[in-house]
Amino acid sequence: MNLPLDQVLTGLDIRVIESSITDANFFGGVHIGNGGKITVLTSPGRDPRVTDTLVRYLTAKTLNLDVADLPAPFGVEYTDITEQARNAWVKAVSA
């Protein structure tokens, strides 16, 4: 994790996408797709150092690495939306 971020992401085959979420309280999120492919979503317009730190933090947490929690005011919320996504997909293909 001490390498330049692009090397970390390439080495771990992690994709980073800038989201369209402009809520000031949203800094980023992680999506783990089929086969374990990791995509990190970042908030648009953040300072690049903040984005770098959050991408590294979210990557470490996703890989269950030993990393300290972020200080206040940052809060990390874990939500498994697998069932909700599955239900939305079933509804979409049934229409």
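These legends describe close-up views of a predicted model.

**View 1. The whole fold holds three helices and three strands.**
Along the sequence, the elements run α-β-β-β-α-α. The C-alpha atoms fill a box of roughly 45 × 30 × 25 Å, taken along the principal axes. The protein has 95 residues, and 21% of them count as buried. Take the contacts between residues at least 6 apart in sequence: 45% of these join residues at least 24 apart.

**View 2. The largest nonpolar core has eight residues.**
Its members are L5, L9, I14, I38, V40, V55, Y57 and L58. Three elements, α1 (5-12), β3 (38-42) and α2 (48-62), each supply at least two residues of this core. Helix α2 gives the most, with three residues. In soluble globular proteins, nonpolar side chains tend to be buried together.

**View 3. L9 is a core residue in helix α1.**
L9 counts as buried because its relative accessibility is 12%, and the cut-off for buried is under 20%. Setting aside residues up to four places away in sequence, L9 touches I14, V16, V55 and T59. Of these, I14 and V55 also belong to the core. G33 serves as a distance marker in this view: its C-alpha atom is separated from that of L9 by 16 Å. Along the chain, L9 and G33 are 24 residues apart.

**View 4. I14 is another member of the largest nonpolar core.**
Which residues does I14 contact, leaving aside its neighbours within four places in sequence? They are L9, K37, I38, V40 and T59. L9, I38 and V40 are fellow core members. Just before I14 in the sequence comes D13, in the loop between α1 and β1. D13 has a positive phi of about 55 degrees, although D13 is not a glycine. Most residues other than glycine have a negative phi.

**View 5. Helix α2 carries a run of buried residues.**
L54, V55, R56, Y57, L58, T59 and A60 of α2 are buried. What covers the buried residues of α2 includes α1, β1 (15-18), β2 (28-32) and β3. Does the length of α2 match what is expected, or what span should its 15 residues have? At 1.5 Å a residue, they should span 21 Å. The end C-alpha atoms are 21 Å apart, so the two values agree.

**View 6. The two ends of α2 feature D47 and N64.**
At the N-terminal end, D47 caps the helix. A side-chain oxygen of D47 lies 2.7 Å from the backbone nitrogen of R49. N64 follows α2 and sits in the loop between α2 and α3 (82-94). N64 has a positive phi of about 60 degrees, although N64 is not a glycine. Buried or exposed, where does N64 fall? N64 is exposed, because its relative accessible area is 70% and the cut-off for exposed is over 50%.

**View 7. T42 is a buried residue of strand β3.**
The relative accessibility of T42 is 8%, so T42 counts as buried. Leaving aside neighbours within four places in sequence, T42 is in contact with V16, I17, E18, S19, F26, F27, G28, T51 and V55. Among these contacts, V55 is a member of the largest nonpolar core.

**View 8. S43 lies in the loop between β3 and α2.**
S43 is buried, with a relative accessible area of 4%. The side chain of S43 reaches the backbone oxygen of F26 at 3.1 Å. Neighbours within four places in sequence aside, S43 is in contact with E18, S19, I21, F26 and F27. T59 gives a distance reference: S43 and T59 are 15 Å apart, C-alpha to C-alpha. In sequence, S43 and T59 are 16 residues apart.

**View 9. The charged end of R46 sits over the ring of F27.**
How far is the charged end of R46 from the centre of that ring? The distance is 3.7 Å. F27 also appears among the contacts of T42 and of S43. As for aromatic pairs, the count comes to zero.

Definitions and conventions:
Residues are numbered from 1 along each chain as its sequence is written. This is a predicted model: local features need pLDDT of at least 70, side-chain atom pairs count only at pLDDT 80 or more; totals for chains, interfaces and linings use all residues. Side-chain values use heavy atoms; hydrogens and water are left out. A nonpolar core is a set of buried Ala, Val, Leu, Ile, Met, Phe, Trp, Tyr and Cys residues joined through side-chain atoms within 4.5 Å. Buried means under 20% relative accessible area, exposed over 50%, partly exposed in between (1.4 Å probe, protein chains only). Helices (H or I, at least four residues) and strands (E, at least two) are DSSP runs, numbered from the N terminus. Contact means heavy atoms within 4.5 Å. Rings of Phe, Tyr and Trp (its six-membered ring) pair if their centres lie within 6.5 Å; planes under 30 degrees apart count as stacked, over 60 as edge-to-face and the rest as tilted. A charge sits over a ring if NZ of Lys or CZ of Arg is within 6 Å of the ring centre and within 35 degrees of the ring normal. The expected span of a helix is 1.5 Å times one less than its number of residues. A polar contact is a pair of N or O atoms within 3.5 Å; within protein, one must be able to donate a hydrogen and the other to accept it, and residues adjacent in sequence count only if both atoms are side-chain atoms.
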